[in-house]
Structure formats: structure tokens, C-alpha cells
Amino acid sequence: GGWLLLQNCHLGLEFLSELMDTITTIESMSEDFRTWITTEAHPEFPINLLQSSIKFTNEPPQGVKAGLKRTYSAVTQDLLEVSKMPQWKPLLYAVAFLHSTVQERRKFGPLGWNIPYEFNQADFTASVQFIQNHLNDVDIKHGVNWSCVHYMLGEVQYGGRVTDDFDKALLNTYARVWFGEHMFGEKFCFYKGYVIPKGKTVEDYLQYIEQLPVIDTPEVFGLHPNADITYQTNLANETLSTIVSIQPKGSSSGGGETREAVVQRLADEMLEKLPPDYNPHEVKAQLQKMGAIQPINIFLRQEIDRMQHVISRVRTTLTDLKLAIDGTIIMSEELQDALDNMYDARIPKLWFRISWESTTLGFWFTELLERNHQFSSWLQDGRPNQFWMAGFFNPQGFLTAMRQETTRMNLAKGWALDSVVLHNEVTKMMKEDVVGPPPADIGGVYIYGLYLEGAGWDRRNSKLIESPPKV
């Protein structure tokens with residue numbers, strides 16, 4: 001009649017099959033017995049155990065109001081009165097607001113955090129404990145040591161999870177702007193309409209939180225209003241993608257073209273346009289003519305190797321898929337995935353893992369042809385006058401190779417690689433205006449194909465401007 005709790009079962013999937021057999025084959029079992037399983041989502045989780053279970057999920061609350069409400073629902077009156085210092089209650093609320101903010105920014109993807117972090121209740125609890133201990137030890141004459149508070153919140157309690165330098169700077173900015181003597185003033189607010197309430201009981205704080213907006217503007221978190229457009233767009237795309245993925249995959253029973261026929265026709269068209277494989281002997285000979293040990297040519301060789309891998313994988317998948325549709329070979333799981341995704345105009349997982357992101361299969365295949373054209377023309381006709389940097393697998397490697405090459409050209413001047421920095425200048429030339437490489441006294445390379453997100457470019461005055469609103 002007891003309860004069994006198994007935690008982190010995604011780390012021991014083999015045992016779950018044994019568990020399922022034990023539960024289903026046991027002769028007698030108490031009606032009060034329960035087995036609880038905690039796990040992360042995992043594609044290899046036994047489906048029969050999943051289907052026979054009652055599922056619970058603990059999702060973080062959406063919005064500042066829901067986050068604060070959840071936090072203060074767990075705050076007791078004893079915790080609210082644990083310290084007699086006047087700074088205690090405002091600081092407790094400020095930490096709760098910070099906790100809701102760092103969690104809410106995750107929904108904006110890379111706009112919120114460069115790397116998504118799993119902030120949880122333990123971070124809030126540890127921060128509150130630190131604030132409590134600090135106020136207990138504070139010298140009344142000197143007051144709160146705000147430098148210590150900023151460091152502990154921005155670098156230790158929440159910052160301990162953060163690995164990106166820009167994310168760390170953002171977190172430290174929150175700590176510096178929201179925590180200080182100014183937070184006890186009448187004019188202080190996290191954002192317009194979001195202030196620190198003055199309450200004596202938990203109910204007072206909950207009543208104030210209940211008045212907050214259900215939907216928050218991104219400006220509450222320090223983001224541009226357009227960030228919400230990006231979030232809503234991604235959410236809609238994800239929802240539509242899920243709907244498409246669960247639609248029936250059977251063949252058409254009407255008079256229209258079947259799924260298999262549509263995919264087979266598409267495979268024929270793609271195979272016809274797919275560029276030929278690179279000849280390794282020709283690649284080696286051409287690179288030796290251009291200087292095989294030059295950094296920029298080493299980079300080209302690496303890019304061609306990766307492009308050849310993509311071309312080979314695409315050709316093999318399309319060829320096997322046609323044979324599977326004809327019934328010549330068995331339809332494997334990977335080929336079935338390719339069939340489903342190609343029919344929905346999406347990139348097969350097998351291709352996506354070794355290539356690049358794109359919105360649809362059509363755009364992806366067009367980019368494959370354009371990327372290959374840049375590499376093949378570079379190999380046959382020599383170094384181009386301008387480079388499509390967004391068409392590289394490893395753009396950072398291209399910049400590094402360029403720095404190495406520039407350093408070698410200026411060794412006589414005492415240049416060292418560690419001291420060479422990148423300098424970027426946006427020219428007023430169009431792509432068609434470039435007829436040669438940059439002047440020798442300037443060096444560097446011409447690139448094109450970059451794009452801006454969240455800003456526009458004033459070509460006449462060569463400066464960033466506000467981007468036109470999205471429709």
C-alpha cells in the first residue's frame with residue numbers, strides 16, 4: 001500500500017521496461033499502491049508505459065503576474081516577518097520580481113538569453129536566504145552593502161548558472177538597476193505600473209499582484225516591443241508545425257495524387273538539379289595551384305568537404321526513397337521521416353543535422369545550390385572578389401583565416417596574430433559594383449549577404465535606423 005517514487009528515469013530507460021513487466025504481471029497488488037515517475041521528455045521512453053500512465057507536467061507560469069502569484073502563494077507570514085529590518089519586505093518582492101523576469105525572458109529565445117538557463121525555485125530560495133542573512137548581519141550605521149548584494153545575485157545565486165558573457169552582463173545590470181537605496185523611494189518602479197507594494201501581510205501582496213496585467217509588454221523585461229512579434233510568430237509556427245506533424249500520414253484515397261507520388265516527383269526534380277560530387281583529386285590539384293597551405297584555402301577545403309557530405313547524403317536519401325516508394329527496398333525510419341517532411345515542404349531531420357536552418361525545403365535546396373556555386377566557382381576560377389559569408393558552414397573560421405593571412409602579409413611590420421583585430425566598414429557599393437579585391441594597402445575582403453534583425457540601414461548616411469514595423 002505504499003508509494004514508490006522513481007526520479008530522473010530518463011537516465012535509466014532500460015529499467016522502465018522491467019518495471020512495466022513487474023507491474024503488469026504481478027498477481028496481487030494493493031489498491032493504495034502508486035508508482036510515481038519523474039523524467040524529462042525522451043524519444044526512447046517506453047510508449048506502453050507512457051500510455052498507461054497519468055501524466056503531470058510542471059510548467060513555469062506565463063507572465064509576471066502568474067510568476068509573482070506562484071511565488072507569493074508559497075511565502076508564509078512567518079517568512080514575511082522573519083526580519084524586522086524595513087528593507088526586508090521590499091527586497092523580498094524585488095527578488096521575486098527578478099525571479100519571474102529571468103524565467104519569462106526564456107520564452108523570447110535568443111532575444112531573451114543567448115543560452116537558455118534552467119532557473120528554478122532553488123535559485124529564488126537561495127537568494128532569499130542570502131538577503132535574510134545579510135540583513136541580520138548588517139551594520140545599521142553603514143546600511144546594506146549593495147555591492148555585495150549585486151555580486152551575490154548577479155554572479156553567484158542566479159549568475160552561477162550563466163556561462164555567456166553578455167547574459168552575465170544583462171543579469172548584473174538587473175541587479176544594479178533594481179537593487180539599491182533608490183528602490184525604497186516613492187518614484188521607483190521596475191517599469192511603468194510595476195512598483196514595490198507596501199503590505200504587511202501576504203494577502204496584501206497577493207491583492208496587489210492580482211491587479212497586474214495578465215499579458216506583459218516585452219519592455220517590462222527590458223526588451224523591444226518587436227520581441228513579442230518574434231515570440232508570437234515562433235509560437236504560431238510551432239503550433240502549426242505540430243498540427244501538420246500529427247495529421248494522418250496514409251495514402252490519398254481520393255482521385256488526387258498520392259503522397260508517395262508527390263514525393264517521388266519532387267525527388268526526381270531535386271536529383272536532376274543536384275550538383276555533381278566533387279572530385280577529390282581535382283580539388284587537391286586546384287588548391288595546390290592556389291596555395292594549399294594558405295589559411296583561406298585550408299578553410300575552403302574544409303567547407304568543400306562539408307558540402308560534399310551534404311550532397312552525398314541528399315543524393316543517397318533521394319535515391320533510396322525512390323526505391324522504397326517503388327517497393328524495391330524496405331522503408332526505414334529515416335526514409336519515412338524524409339517522406340513525411342518532404343511532403344510537408346520541411347527539411348528531413350537527416351539533412352538538417354548536417355546542414356543549416358531554413359524555413360522551407362524549397363529555400364533550403366535553393367541555398368544548397370547557391371552555396372555549392374560559391375565553392376565550385378572559387379575552386380575553378382580562383383579567389384572571388386567578394387564573399388557570401390552567410391553561405392559558409394563556419395563563418396567564424398573564415399574570419400580567423402582572413403586574420404591569419406593578413407598577419408602573415410604584415411610580418412615585416414611586426415604584426416602578431418593576437419594583436420590583430422577585425423574592423424568592419426559598410427560601403428555604399430552594391431554587389432554588382434565590386435570588380436576587384438580591396439586595395440592592397442587596406443587589405444581585408446569584401447563580404448555581402450548579412451542581414452539585420454531589429455534595425456534598418458540608412459544607405460545614404462551609413463548608419464543604423466529604426467526598422468519599419470512588421471505587418
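This is a short talk on the domains, cores and a few single residues of one protein chain.

A word first on the source: the model is predicted. I will go from the N terminus onwards and spend the most time on the helices.

The chain is split into three stretches: domain 1 covers 3–52, domain 2 covers 64–226, and domain 3 covers 259–466. Between the C-alpha centres of domain 2 and domain 3 the distance is 45 Å.

Start with the strands at the N-terminal end. Strand 1, residues 3–6, and strand 2, residues 34–37, run parallel and are joined by four bridges. Within that pairing, Leu6 sits opposite Ile37 of strand 2. To get from strand 1 to strand 2 the chain passes through helix 1, residues 13–25, in a right-handed β-α-β crossover.

In the loop between strand 1 and helix 1 you will find Asn8. Its phi is positive, near 55°, and Asn8 is a residue other than glycine. Is Asn8 buried or exposed? Neither, in fact: with a relative accessibility of 45%, Asn8 is classed as partly exposed.

Helix 2 spans residues 47–51 and contains Asn48. Asn48 is also partly exposed, at 41% relative accessible area. Along the chain, Asn48 is 28 residues from Met20, yet their C-alpha atoms are separated by 8.3 Å.

Gly63 gives the reverse case. This glycine is in the loop between helix 2 and helix 3. Gly63 and Leu50 are 13 residues apart in sequence, but C-alpha to C-alpha they are 30 Å apart. Gly63 is buried, because its relative accessible area is 4% and the cut-off for buried is under 20%. Apart from neighbours within four places in sequence, Gly63 has contacts with Glu104 and Asp216.

Now the cores. The largest nonpolar core has 51 residues, and the members that touch the most others are Tyr93, Phe97, Phe179 and Phe190. Several helices supply at least two residues each, among them helix 3 (64–73), helix 6 (121–137), helix 8 (165–178) and helix 10 (226–245). Which helix gives the most to this core? That is helix 5, with ten residues.

Take Phe179 as an example from this core. Once neighbours within four places in sequence are set aside, the contacts of Phe179 include Leu91, Ala94, Val95 and Leu98. Trp146, Val149, His150, Leu153 and Tyr174 are also in contact with Phe179. There is a second core, separate from this one, with 43 residues, including Val310, Val314, Leu368 and Leu399.

Leu368 takes us to helix 16, as one of that helix's buried residues. Helix 16 runs over residues 361–381, 21 residues in total, and reaches 30 Å from first C-alpha to last, close to the 30 Å expected. Its buried residues also include Trp364, Phe365, Phe375 and Trp378, along with Glu367, Arg371, Asn372 and Gln374. What do the buried residues of helix 16 pack against? Their partners are helix 11 (259–273), helix 12 (280–290), helix 13 (295–326), helix 14 (333–343), helix 15 (349–352) and strand 3 (386–388). After helix 16 comes Gly382, with a positive phi near 90°.

Last, Ser462. This serine is in the loop between strand 5 (456–458) and strand 6 (463–465). Phi of Ser462 is positive too, near 50°, in a residue other than glycine. Ser462 counts as partly exposed, with a relative accessibility of 31%.

Note on methods:
Residues are numbered from 1 along each chain as its sequence is written. This is a predicted model: local features need pLDDT of at least 70, side-chain atom pairs count only at pLDDT 80 or more; totals for chains, interfaces and linings use all residues. Side-chain values use heavy atoms; hydrogens and water are left out. The expected span of a helix is 1.5 Å times one less than its number of residues. Buried means under 20% relative accessible area, exposed over 50%, partly exposed in between (1.4 Å probe, protein chains only). Contact means heavy atoms within 4.5 Å. Domain bounds come from an automatic or database domain assignment. A nonpolar core is a set of buried Ala, Val, Leu, Ile, Met, Phe, Trp, Tyr and Cys residues joined through side-chain atoms within 4.5 Å. Two strands pair if DSSP finds at least two bridges between them. A crossover is right-handed if, with the strands pointing away from the viewer, the path from the first strand over the helix to the second runs clockwise.
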